[in-house]
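Thanks, everyone; I would like to use this slot to walk through one model with you, beginning at the ligand and then working outwards. Please have the sequence and the structure open while I talk.

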Amino acid sequence: MQVVIIGSGNVATVLGRVLVKNNHKVLQVVSRHPEHAKTLADELGCTYCDLDGSINTGADIYIVAISDGALYGLHNKLKLGKKLVVHTAGSVPLEVLKDVSENYGVLYPLQSLRSELNDIKEIPFLIDGNTVETFTLIQDLAKSLSSNVVKATDEDRLKLHVAAVVVSNFSNHLFALAEEFCQKEHVNFKLLTPLILETAQRTATHSPANMQTGPAMRNDVFTLDKHLRLLTNHQKLRYIYLKLTDSILREN
Ligand SMILES: NC(=O)c1ccc[n+]([C@@H]2O[C@H](COP(=O)([O-])OP(=O)(O)OC[C@H]3O[C@@H](n4cnc5c(N)ncnc54)[C@H](OP(=O)(O)O)[C@@H]3O)[C@@H](O)[C@H]2O)c1
């Protein structure tokens, strides 16, 4: 397909690379800041402009990968007639694009995407479209990029986005806090990498509820007390440690 990408952040960059890798043609990158559009356009080998500029009208699909809030006002800046336009957000309804074009949909990558990471693994996509024809076109594109493509309503996409925040954003925040703790306490955070990977890997084959280990699961009050005393100088981590311990204890 011939594609125009609107946005130049993490998702725009990663999807741009995946599109090119799978033999699609990116015609243009459009972004609020033209210098951001240029950086991505140079990498993808295409033209660029800002949102007020002359947007290429010859593409088969327009992929809008801009911040969630900006999607709501996009129709004031962008009118695409009957051209197929999709957004990439987990928690924004399909209908947000109804005044941008008659044909619209969603191409939501259910993955944490960062433009600085070059090793792109296969991305699962949750997709939707406002008509059968629109949906079929989005499905064709998504399937050319990934073998993991699922239709999802606004409601299901929103629910999965909440779960995605918990499993990815929250666990990464815990990793960051643990890393900071290790640095301050002069122990090697990298020694925890096999543990992090094993914990995540197990979710593919087992229910996490059945895999819980650790002092809270064992109701090991002696060890919990020792940990909390060590965390006296790490108040933020201590607060979260207490909250999560309480949650695990309540499950038992
Ligand atoms: N990153 C992820 O892991 C991920 C995964 C799945 C879905 N998503 C969704 O994908 C979308 C883009 O996320 P991202 O991570 O790529 O964000 P990002 O890296 O922060 O990039 C944000 C983009 O939005 C543009 N933008 C911000 N405010 C704008 C405005 N008022 N008007 C026009 N453009 C505006 C920025 O343009 P300029 O740089 O030119 O200002 C930039 O291109 C979001 O809907 C997000 O929920 C993200």
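Let me begin with Leu113, where a polar backbone atom lies 2.8 Å from an oxygen atom of the ligand; I speak of a polar contact when a pair of N or O atoms is within 3.5 Å, and within protein one of the two must be able to donate a hydrogen and the other to accept it, while residues adjacent in sequence count only if both atoms are side-chain atoms. Taken alone, the ligand exposes 910 Å², and the protein buries 76% of that, with accessible areas taken from the Shrake-Rupley method with a 1.4 Å probe and, for residues, with only the protein chains shown counting as cover. Before going further I should say that this is a predicted model, in which local features need pLDDT of at least 70 and side-chain atom pairs count only at pLDDT 80 or more, whereas totals for chains, interfaces and linings use all residues. Residues are numbered from 1 along each chain as its sequence is written, and side-chain values use heavy atoms, with hydrogens and water left out.

Two side chains also approach oxygen atoms of the ligand: a polar side-chain atom of His33 is 2.7 Å from one, and an N or O atom in the side chain of Thr88 is 3.0 Å from one. There are 22 residues around the ligand, of which Ser8, Ser31, His33, His36 and Asp68 come nearest, and a residue is placed there if one of its heavy atoms lies within 4 Å of the molecule. By type, this shell divides into nine nonpolar, 11 polar and two charged residues; here Ala, Val, Leu, Ile, Met, Phe, Trp, Tyr, Cys and Pro are nonpolar, Asp, Glu, Lys and Arg are charged, and the others, Gly among them, are polar. Helix H1 (10–21), helix H3 (68–71) and strand E6 (104–109) each supply at least two residues of the shell, helices (H or I, at least four residues) and strands (E, at least two) being DSSP runs numbered from the N terminus.

Is Ser31, one of those nearest residues, buried or exposed? Ser31 counts as buried because its relative accessibility is 8%, where buried means under 20% relative accessible area, exposed over 50%, and partly exposed in between, with a 1.4 Å probe and protein chains only. Ser31 sits in the loop between E2 and H2, and, leaving aside neighbours within four places in sequence, is in contact (heavy atoms within 4.5 Å) with Gly7, Ser8, His36, Ala37, Cys49, Asp50 and Leu51.

Let me turn to the interior. The largest nonpolar core has 30 residues, and Leu19, Ile63, Leu107, Phe125 and Ile127 touch the most other members; such a core is a set of buried Ala, Val, Leu, Ile, Met, Phe, Trp, Tyr and Cys residues joined through side-chain atoms within 4.5 Å. Apart from it lies another core, of 27 residues, among them Ile6, Cys49, Val64 and Leu80. Not counting residues up to four places away in sequence, Ile63 touches Val3, Val4, Ile5, Ile6, Leu15, Leu19, Val86, Thr88, Leu107 and Leu141.

Leu71, in helix H3, is buried because its relative accessibility is 1%, and with the same exclusion of residues up to four places away Leu71 touches Val64, Ile66, His87, Ala89, Val92 and Val96. Leu74, in the loop between H3 and E5, is likewise buried, at a relative accessible area of 2%, and beyond four places in sequence is in contact with Leu51, Val64, Ile66, Leu97 and Val100.

Two loop residues deserve a look at their backbone. Most residues other than glycine have a negative phi. Asn23, in the loop between H1 and E2, has a positive phi near 70°, and is exposed, with a relative accessible area of 70%. His186 lies in the loop between helix H5 (154–184) and helix H6 (193–202), has a positive phi of about 60°, and at 73% relative accessibility counts as exposed.

Finally, the protein as a whole: eight helices and eight strands, with C-alpha atoms filling a box of roughly 70 × 35 × 30 Å along the principal axes. Of the 252 residues, 36% count as buried.
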